[in-house]
Amino acid sequence: MLQISDTQKIGIGLVGFGVAFLFLGVLFLFDKGLLAIGNILFLSGLAFVIGLERTFRFFFQSHKVRGTASFFGGILVVLIGWPLVGMIIELYGFVVLFSGFFPVVINFLRRIPVIGSFLNLPVIGPFLDKMSGDPSRQMV
């Protein structure tokens, strides 16, 4: 069994609250206060979960410069007061930064009973196959 330290437990809680605040910020028509708090909680939780040094190494790799700049630039734009524009910029940075994790997440979700059958529908399945980059599942 994988042992989780107390610091990592706190980090998981912070990430959870960060995602919840981001969701509420979008739900309440891009409320900049909720979005700003969500961003701060998400980043601090990520640092608690994987560690400060690994967080810096993840964000500041040479091939992830565009994603990092977009992600943090979007957070800055949200803090300045343009939440819709900032979230669009931040979403682009998130996709660029975390695109390596998408195939793993998609394949994991396909193994869950109800969600997996939904993700394998004829309309959604080929789109997710392209997104995950799985050549054995892509149709020509």
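**View 1. Leu46 and its neighbours.** Leaving aside residues up to four places away in sequence, Leu46 touches Val15, Gly51, Thr55 and Phe59; contact here means heavy atoms within 4.5 Å. Keep in mind that this is a predicted model, where local features need pLDDT (the predictor's confidence in each residue, from 0 to 100) of at least 70, side-chain atom pairs count only at pLDDT 80 or more, and totals for chains, interfaces and linings use all residues. Residues are numbered from 1 along each chain as its sequence is written, and side-chain values use heavy atoms, with hydrogens and water left out.

**View 2. The largest nonpolar core.** Leu46 turns up again here, alongside Phe42, Phe58, Phe59, Phe71, Ile75, Leu97 and Phe98, eight residues in all. Helices H2 (32-50), H3 (52-59), H4 (65-80) and H5 (83-98) each give two or more residues to this core. Such a core is a set of buried Ala, Val, Leu, Ile, Met, Phe, Trp, Tyr and Cys residues joined through side-chain atoms within 4.5 Å.

**View 3. A salt bridge within H3.** Arg57 pairs with Glu53, their closest N and O atoms 3.8 Å apart; the rule is a side-chain nitrogen of Lys or Arg within 4 Å of a carboxyl oxygen of Asp or Glu. Arg57 is partly exposed at 49% relative accessible area, while Glu53 is exposed at 58%. (Buried is under 20%, exposed over 50%, partly exposed in between; 1.4 Å probe, protein chains only.)

**View 4. A salt bridge between Asp129 and Arg110.** These side chains meet at 2.8 Å, N to O. The pair links helix H8 to helix H6 (residues 102-110), 19 residues apart. Asp129 is buried at 6%, and Arg110 is buried at 11%.

Note on methods. Helix = DSSP H or I, 4+ residues; strand = E, 2+ residues; numbered from the N terminus.
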